[in-house]
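Subject: Structure handover

Hello,

Here is the structure you were expecting, followed by notes on what was found in it. Please read the notes with the model open.

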Amino acid sequence: MISLLDYGAGNVRSVRNAIVRLGFRLNEIRRPEDILAAERLIFPGVGAFGAAMERLHALGYVEPLREYLQAGRPFLGICIGLQGLFEASEESPGVPGLGIIPGTVRRFQGPGLTVPHMGWNGLRQQRPAALLDGIDDHRFYFVHSYHALASPANADWVLATTDYGDGAFISAVQHGEVAAVQFHPEKSGVPGLELLRRFLVGETLAQAAGPLPPRPPTRLAKRVIACLDVRSNDAGDLVVTKGDQYDVREAAGGAVRNLGKPVDLARRYYDEGADEITFLNITAFRDFPLADQPMLEVLRRTSENVFVPLTIGGGIRAFTAADGTAYSAIDVVTEYFRSGADKVSIGSDAVDTVEQVRAGGGDGNSAIEQIAHRYGSQAVVISVDPRRVYVEAPQQTAHTVVATANPGPNGERWCWFQCTVRGGREGRDVDAVELARTCEMLGAGEILLNSIDRDGTGTGFDLELIAAVRAAVKIPVIASSGAGRPEHFSEVFQHTGADAALAAGIFHRREVPIAAVKAQLRADGIPVRD
Ligand code: 1PR
């Protein structure tokens, strides 16, 4: 019997799904005494260090948890579940951790370093241990802004380190039956599930083999993301569709293009090696998203079988339903997280928020701020839908302009990138650079950067747009729109510093397999997850 310490702070559905998929039954910890009664305990921390510790205190869990850990009983911490074992964290000064491992958790920093550390990175196993032996040469999925450092005082705990920025941080610890990992095994595909299985069956103790050979530094992989634009077709069925420059109908006024069933396609992309899967509910701006039960069902069914990160976007904002009931953006995303999402993406509402902030009307209560506060910045993606606006000279606009190698219709050599809302239907007086910067300041954790000009064209990503936004923020940027060939992915990584690249049409139509994209990246020396 496996006990799950769900202290109600976020999405632990993925951990649950992975455990159930591995054939185990789950026991929920509901009272402090359940902790000491547990046989094997999993602590999947989410959110911020301070919030997690405060919650554990409020629930009366801290003392029994310490007792359980000090007795060396079977334990697996995940992410904040690792950080909480330390004495303190810079994330929440003054809030003590469980104090089982000596050391303070620090924030990543460094010139030009993208934070959070998000994506697939490797491990340098420090000593033999059945938990990792033989799977330590795979990459695992990380998402965190804070990290623990190895020191002489905690040397006997360190099982693996991972390189990021200028140094290495602790990515796995183990002491007897107590283990914890900074990455998310439940989101790390087959090797992640294997690690979980080993913990669940009790195959975790160190083997008697000799010391391991030194490992080369690890590298964060560039992510390849499959995107499913989802909406109801004219018959009312939820389908994956795909537009050309955001027009998803076959011909003017024709039927909505139908490229497959969302759950089946997501499963296919997981099997084919997608590093993440994104669902965009593209017409959710019209209706209240929580009324869209089929979409929630898609998420639930996908998360049962897909063990890489899932993002969902569309319609995330505060909403007043027809009966007058007011829902906050938190109500909407809580339902998405409960249904299996790991991240949510906000489009139109982010543009409204940036306009308000610019006008001095930011009240600290935007959807971005609320969600980042409650679920952590890493869970908040901003989906940007920009369109080029050409100008003859930079002085013609107050927006951030770029000199373009693709001149406008009248030979204009400059352009800015105008944000739109409602699926490109309405342009606003906000540019993509300002949007990205302001949303980062408000707490967003990642930018999904589309391009209406390039969407569905297969002519390659808009490198000028992506480079401009990438240079403006420290959070990860996902390049999107226009991929037509594997070479386009290498190009976007080499020329813009994007952290991930997303495509839709070429994958849906089976024109380019994900494996071909990764083979190209590998051939060009760009790190990818196998
Ligand atoms: O504004 O918060 O309700 O969110 C709506 C979301 O739906 C936004 O993320 C917006 O990007 C998306 N969306 C709205 N209308 C469309 C449309 O196509 N008519 N899709 C739409 C955006 C763009 C990409 C696409 C890439 C790659 N789709 O996500 O997948 O361009 O395509 P390609 O590889 O085929 O070129 P809100």
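The sulfur of Cys419 has its closest cysteine sulfur in Cys439, 8.4 Å away, which is too far for a bond. Seen from the other end, the closest cysteine sulfur to that of Cys439 is the one in Cys419, at 8.4 Å. A disulfide would need the two sulfur atoms within 2.5 Å, and 8.4 Å is too far, so this pair is not bonded. Cys419 counts as buried, with 0% relative accessibility, and Cys439 also counts as buried, at 0%. Across the whole structure, the search finds zero disulfides. Bear in mind throughout that this is a predicted model.

Salt bridges

The structure holds 36 salt bridges. Side chains of opposite charge can pair when their charged atoms come close. A few of the pairs are described here.

Glu446 and Arg223 form one of them, with 2.8 Å between the closest N and O atoms. This pair links distant parts of the chain: Glu446 belongs to strand 26 (residues 446–449) and Arg223 to strand 14 (residues 223–232), and the two residues are 223 residues apart. Is this pair buried or exposed? Glu446 has 0% relative accessibility and counts as buried; Arg223, also at 0%, counts as buried.

Glu297 and Arg300 meet in a salt bridge with an N to O distance of 3.0 Å. Both residues are in helix 8 (residues 293–305), and because they are three residues apart there, about one helical turn separates them. Glu297 is partly exposed at 35% relative accessibility, and Arg300 is partly exposed with a relative accessible area of 22%.

Arg485 and Glu487 form a salt bridge as well, the closest N and O atoms being 3.5 Å apart. Arg485 has a relative accessible area of 45% and is partly exposed. Glu487 is partly exposed too, at 37%.

There is also a network of salt bridges, which links Glu194, Arg197, Arg198 and Glu203.

Strands and hairpins

Strands of a sheet pair through backbone hydrogen bonds, either parallel or antiparallel. One open sheet has three strands, in the order 5-6-10, with mixed pairing. Strand 5 (86–89) and strand 10 (146–147) are the edge strands, each pairing on one side only. Between strand 5 and strand 6 (residues 101–107) there are three bridges, and the pairing is parallel. Phe86 has Ile101 in strand 6 as its bridge partner.

Further along the chain, strand 11 (residues 158–164) and strand 12 (residues 167–175) run antiparallel and are joined by six bridges. Tyr164 has Gly167 in strand 12 as its bridge partner. The hairpin of strand 11 and strand 12 has two residues between the strands, and Gly165 takes a positive phi near 65 degrees there.

Strand 12 is also joined to strand 13 (residues 178–181), by four bridges and again in the antiparallel sense. Ala172 stands opposite Val181 in strand 13. Which residue takes a positive phi in the hairpin of strand 12 and strand 13? Gly176 does, with a value near 60 degrees, and this hairpin has two residues between the strands.

The ligand

The ligand is surrounded by 23 residues, of which the closest are Ser348, Ser383, Asp385, Asp455 and Ser481. For Ser348, an N or O atom of the side chain is 2.6 Å from an oxygen atom of the ligand. Gly347 comes in through its backbone, with an N or O atom 2.9 Å from a ligand oxygen atom. Gly482 likewise has a backbone N or O atom that lies 2.9 Å from an oxygen atom of the ligand.

How much of the ligand does the protein bury? Taken alone, the ligand exposes 770 Å², and the protein buries 98% of that. Strand 14 and strand 28 (500–503) are the elements that give two or more residues to the shell around the ligand. Strand 14 has come up already, as the strand that holds Arg223 of the salt bridge with Glu446.

Regards

How values were computed
Residues numbered from 1 in each chain as written. Predicted model: local features only at pLDDT ≥ 70, side-chain atom pairs only at ≥ 80, totals over all residues. Heavy atoms only, no water. Pairing = 2+ DSSP bridges. Buried < 20%, exposed > 50% of the residue type's maximum accessible area, 1.4 Å probe, protein only. Salt bridge = Lys/Arg side-chain N within 4 Å of Asp/Glu carboxyl O. Near = heavy atom within 4 Å. Polar contact = N/O pair within 3.5 Å; in protein donor to acceptor, adjacent residues only side chain to side chain. Areas by Shrake-Rupley, 256 points an atom, 1.4 Å probe, with all protein chains shown as cover.
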